[in-house]
Amino acid sequence: MKNSTTLYGAIEGGGTKFICAVGSGPNSIRAEARFATTTPEETIGHVIEFFHVQEEKLGELSAIGFACFGPLDPNPASSTYGHILPTPKPGWTNANVVGLLRKEFDIPIAFDTDVNGAALGEWRWGKAQGLQTFIYLTVGTGIGGGAYVQGNLLHGLIHPEMGHIPLKHDLEKDPFEGACPFHNDCFEGLASGVAIEKRWGMRGALLMPDHIAWDIEADYIAQALTSYTMTLSPQRIIIGGGVGSLPHLLPQVRKRTRELINGYIQSPIILENIESYLVNPGLGNRSGVLGAIALAEQSLQKKP
Ligand code: ZN
């Protein structure tokens with residue numbers, strides 16, 4: 001049974017660092033630690049040690065939520081459940097990251113994408129409270145999206161890969177060939193932090209707000225948001241990540257998205273109030289780790 005003393009273990013697994021926490025929500029984080037992402041064994045080893053130490057101090061964990069970079073297998077019925085799927089990240093292809101945790105912890109372990117985790121965190125405590133269908137998009141080093149559809153995180157065949165959709169790419173306006181090793185000029189290939197740095201020779205945070213880079217960036221993000229709006233009919237789209245959270249970008253993205261939708265979606269939220277349709281995360285950069293707590297919490301509420 002869930003009660004005020006329930007403790008969850010949270011893991012936000014990123015490509016460069018893992019953030020771990022123990023607690024039960026935004027106002028009750030009891031401990032937190034960060035580890036560089038090295039090999040799966042070493043990184044998960046640090047996580048296990050951290051949780052064991054905290055269990056001695058604070059008491060037993062009831063469940064663990066693990067929101068991880070992907071691609072990954074989130075389907076408990078699959079033989080490769082809990083594994084990282086083929087990835088360019090050295091050493092992580094087919095790593096059984098849940099299996100490593102499972103050896104040490106005989107409690108529910110919820111495993112999902114970092115962006116699905118962040119979506120659930122925003123639903124539980126952030127800007128998606130009360131919504132039935134919405135999207136959480138991160139635009140940072142990479143681009144990914146999590147979808148919550150009619151009350152459930154969307155997995156489908158594997159899980160959505162919203163960063164890898166094709167976009168219109170005007171080579172006269174933007175001759176940059178793209179940075180995705182699979183598709184070159186997909187959304188992530190054109191608009192990720194990596195793409196911005198490759199195209200302009202400096203990090204996005206260092207480019208002035210009136211730089212042409214942001215017209216181009218806003219157009220790509222708006223194209224993607226228009227596709228998501230037409231496809232899933234989300235009630236809101238939350239845009240986080242290091243690039244997506246830059247304060248000058250969101251107004252441009254809203255304007256361009258409304259232009260691209262061009263009145264076709266006859267909803268007052270888009271026609272008159274797009275400020276409440278396209279928003280930054282309510283939990284800021286804490287969506288991921290708090291989302292992992294929300295995943296853990298949900299794993300106890302689900303029927304077996
Ligand atoms: Zn791609």
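**Two sheets, a helix pair and a zinc site**

Let me start with strands β9 and β10, which pair in the parallel sense over two bridges, where pairing requires that DSSP finds at least two bridges between two strands. Strands here are DSSP runs of E with at least two residues, while helices are runs of H or I with at least four residues, and both are numbered from the N terminus.

Before I go on, please keep in mind that this is a predicted model, in which local features need pLDDT of at least 70 and side-chain atom pairs count only at pLDDT 80 or more, whereas totals for chains, interfaces and linings use all residues. Residues are numbered from 1 along each chain as its sequence is written, and side-chain values use heavy atoms, with hydrogens and water left out.

Back to the strand pair: the bridge partner of Ile238 in β10 is Val279, and Ile238 is also the residue in β9 that is the bridge partner of Tyr136. That second link belongs to the pairing of β6 with β9, which is parallel and runs over four bridges. Strand β9, residues 237–240, is covered on both faces, with Ile237 and Ile239 buried on one side and Ile238 and Gly240 buried on the other; by buried I mean under 20% relative accessible area, by exposed over 50%, and by partly exposed anything in between, using a 1.4 Å probe and protein chains only.

What is the strand order of the sheet? It is an open sheet of five strands, in the order β8-β7-β6-β9-β10, and its pairing is mixed. The edges are held by β8 (152–153) and β10 (278–279), each of which has a single partner strand, so one side of each is left without a neighbour in the sheet. Elsewhere in this sheet, β6 (residues 134–139) and β7 (residues 143–149) run antiparallel and are joined by six bridges, and Thr138 has Gly144 in β7 as its bridge partner.

The other sheet that I want to show is also open, with five strands in the order β3-β2-β1-β4-β5 and mixed pairing. Here β3 and β5 (109–113) are the edge strands, and each has a single partner strand, so one side of each lacks a neighbour in the sheet. From one strand to the next, the twist averages 15°. Within this sheet, β1 (residues 8–13) pairs with β2 in the antiparallel sense over six bridges, with Ala10 opposite Ala21, and a hairpin of three residues joins β1 to β2. Strand β2 (residues 17–23) is mostly covered, since six of its seven residues are buried, and on to β3 (residues 29–36) the pairing is antiparallel over seven bridges, through a hairpin with five residues between the two strands. By contrast, β1 and β4 (residues 63–68) pair in the parallel sense over six bridges, with Tyr8 opposite Ala63.

Now to the helices. Helix α3 lies across β4 and β5, and runs at about 105° to β5; axes are lines fitted to C-alpha atoms, for helices over the stretch in contact, and angles run from 0 to 180 degrees between N-to-C directions. The axes of α3 and helix α9 (residues 287–301) come within 7 Å and cross at roughly 80°. The two helices therefore count as roughly perpendicular, the class that covers 65 to 115 degrees, with under 35 being roughly parallel, over 145 roughly antiparallel and the rest oblique. Among the residues that make this contact are Gly117 and Trp125 of α3, and Ser287 and Gln298 of α9, where contact means heavy atoms within 4.5 Å.

Asn116 also sits in α3, which spans residues 114–125. Is Asn116 buried or exposed? With a relative accessible area of 1%, Asn116 is buried, and beyond its neighbours within four places in sequence, Asn116 is in contact with Gly146, Ala147, Leu153, Leu154 and His155.

Finally, the metal. Which atoms coordinate the zinc ion? They are ND1 of His164, SG of Cys180, ND1 of His183 and SG of Cys186, at 2.1 to 2.4 Å; donors are N, O and S atoms within 2.8 Å of the metal (3.2 Å for Na, K and Ca), and because water is not among the atoms, sites may look incomplete. The angles among the four donor atoms are 102 to 121°, and the site is tetrahedral, a label for four donors that requires all angles to lie between 85 and 135 degrees, whereas four donors count as square planar and six as octahedral if opposite donors are over 155 degrees apart and all others between 65 and 115, and anything else is irregular. In sequence, the donor residues follow the spacing H-x15-C-x2-H-x2-C. Cys186 is buried at 2% relative accessibility, while His183, at 40%, counts as partly exposed.
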